[in-house]
Amino acid sequence: MTAGQTHAGSRDALLGYNPSAEKVKAMSMEKQVTAITPPAYIGWSNDDPVVPPTYNAMAYYYAMLGARRPVTISEHATGGHSWATWTDFPTNMLSWVYSIR
């Protein structure tokens, strides 16, 4: 939820226009990762016109690695704001889920 790094409309809708630092931290998922955070499959399309994906996705990814939690990323050149056009989804996600069981 870092200002300038997060989709402004989503941030405002979730936190309001002048959120406290405490509220920003509480709603920043990369700051909430612990030893019991569930595994995460993080996917995005680089051409997403709605939410620039890289900062948030990578912040969460690195937080998960730091906590030694199962995590993977699936980056796609195209697909916009939808997974519907990814030809490898959900196959690659399911393969990863089964591999960590």
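**Helix α3, the loop after it, and a surface patch**

Mentor: In this predicted model, R68 takes a positive phi of about 60 degrees just after α3.

Trainee: Where is R68 found, between which two elements?

Mentor: We can place R68 by the elements that flank it, the helix with residues 54-66 and the strand with residues 71-76. R68 is in neither of them, but in the loop between α3 and β2.

Trainee: Is R68 buried or exposed?

Mentor: Residues count as exposed when their relative accessible area is over 50%. The relative accessibility of R68 is 77%, so R68 counts as exposed.

Trainee: How far apart in space are R68 and T34, C-alpha to C-alpha?

Mentor: Along the sequence, 34 residues separate R68 from T34. In space, the distance from C-alpha to C-alpha is 8.9 Å.

Trainee: What span should α3 have, given its 13 residues?

Mentor: The expected span is 1.5 Å times one less than the number of residues. The end C-alpha atoms of α3 are 18 Å apart, which agrees with the expected span, because at 1.5 Å a residue its 13 residues should span 18 Å.

Trainee: Which strands are included in what covers the buried residues of α3?

Mentor: The buried residues of α3 are A57, M58, A59, Y60, Y61, A63 and M64. What covers these residues includes β1 (40-45) and β2.

Trainee: Which residues form a nonpolar patch on the surface together with L94?

Mentor: L94 lies in helix α4, residues 91-99, and because its relative accessibility is 35%, L94 counts as partly exposed. The patch has about 260 Å² of accessible area in total, and the residues that form it with L94 are V97 and Y98.

Key:
Residues are numbered from 1 along each chain as its sequence is written. This is a predicted model: local features need pLDDT of at least 70, side-chain atom pairs count only at pLDDT 80 or more; totals for chains, interfaces and linings use all residues. Side-chain values use heavy atoms; hydrogens and water are left out. Patches are made of residues with over 30% relative accessible area and no salt bridge: like charges are joined within 9 Å, nonpolar side chains (Val, Leu, Ile, Met, Phe, Trp, Tyr) within 5 Å. Accessible areas come from the Shrake-Rupley method with a 1.4 Å probe; for residues, only the protein chains shown count as cover. A salt bridge is a side-chain nitrogen of Lys or Arg within 4 Å of a carboxyl oxygen of Asp or Glu. Helices (H or I, at least four residues) and strands (E, at least two) are DSSP runs, numbered from the N terminus. Buried means under 20% relative accessible area, exposed over 50%, partly exposed in between (1.4 Å probe, protein chains only). Contact means heavy atoms within 4.5 Å.
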